[in-house]
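Hi everyone, thanks for coming. Today I'd like to walk you through how a ligand and its protein meet, so please have the picture open and follow along.

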Amino acid sequence: MTYDFRIAAGDTATMYRDLASALEGLVAGEPDAIANMANAAALVWETLPDLNWAGFYRNLGGELVLGPFQGRPACVRIKYGEGVCGVTAETRKVQRVEDVNAFPGHIACDSASASEIVVPIMRDGKLIAVLDIDSPTRGRFTEEDEAGCVKLGDILARVL
Ligand code: SME
């Protein structure tokens, strides 16, 4: 098996399609959630341009706890309803934030963050984790990014 999952730059739809198939390959047959989150964070970080953080918060004991990620060290625990991740955990809905400074309660782990997308990862109606991706550019994440990230979440829901 090769681990050379570098994905050629192309249009966004192609990039997300290739990213999804690389992720499927990386997690296939691997039941360890931490290993799968770690590789997923690295793959997203390597593939998507213009990011400053990519990783996971796990839903543990009624709060979010930091999981595998790439980027600067981040806050460890986030309560439901707090910040973009906590609102995602509470609402179970994707939060795509154009300008984090305009988001009430946004938690600034890295002051470089300007926009953010957070995707809930659900299995059998339960929240397992959230995928959090930050960018230093305002309005970095489009509807196409949202669709692509939701697809990544669907793949991960089966293996976390
Ligand atoms: N900004 C997030 C906190 C996590 S860091 O971005 C890694 C939030 O408001 O939930």
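Let's begin at Glu116: an N or O atom in its side chain is 3.1 Å from a nitrogen atom of the ligand. Keep in mind that this is a predicted model, so every distance I quote is computed from predicted positions.

Now, where does Ile107 come in? A polar atom of the Ile107 backbone is 2.7 Å from a nitrogen atom of the ligand. Then turn to Asp134, where a side-chain N or O atom is 2.7 Å from an oxygen atom of the ligand. How much of the ligand does the protein bury? On its own the ligand would expose 310 Å², and the protein buries 99% of that.

Let's step back to the whole shell. There are 13 residues around the ligand, and the closest ones are Val84, Cys85, Ile107, Glu116 and Asp134. By character, the shell divides into 8 nonpolar, 2 polar and 3 charged residues.

Which parts of the chain do they come from? Strand 1, residues 53-60, helix 3, residues 83-91, and strand 6, residues 126-135, each supply at least two residues of that shell. Helix 3 gives the most, with 3 residues.

Next, try to picture the space itself. How many cavities of 30 Å³ or more are there in the whole structure? A search finds 1. The largest cavity is the space taken by the ligand, and it holds about 130 Å³.

What lines the largest cavity? Its lining has 17 residues, and Ile107, Cys109, Glu116, Asp132 and Asp134 lie nearest its centre. You have already met Ile107, Glu116 and Asp134, which are among the closest residues to the ligand. The lining divides into 9 nonpolar, 4 polar and 4 charged residues.

The elements will sound familiar too: strand 1, helix 3 and strand 6 each supply at least two residues of the lining. Helix 3 again gives the most, with 3 residues.

That's my tour, so thank you for listening!

Conventions. Residues numbered from 1 in each chain as written. Predicted model: local features only at pLDDT ≥ 70, side-chain atom pairs only at ≥ 80, totals over all residues. Heavy atoms only, no water. Near = heavy atom within 4 Å. Polar contact = N/O pair within 3.5 Å; in protein donor to acceptor, adjacent residues only side chain to side chain. Areas by Shrake-Rupley, 256 points an atom, 1.4 Å probe, with all protein chains shown as cover. 1 Å grid on protein atoms, 1.4 Å probe; cavity = no way out; pocket = protein on both sides within 12 Å on 5 of 7 lines; lining within 4 Å. Sits in = over half its atoms within 2 Å of the grid points. Helix = DSSP H or I, 4+ residues; strand = E, 2+ residues; numbered from the N terminus. Nonpolar A, V, L, I, M, F, W, Y, C, P; charged D, E, K, R; others polar. Points joined across faces, edges and corners; volume = space filled by probe spheres on them.
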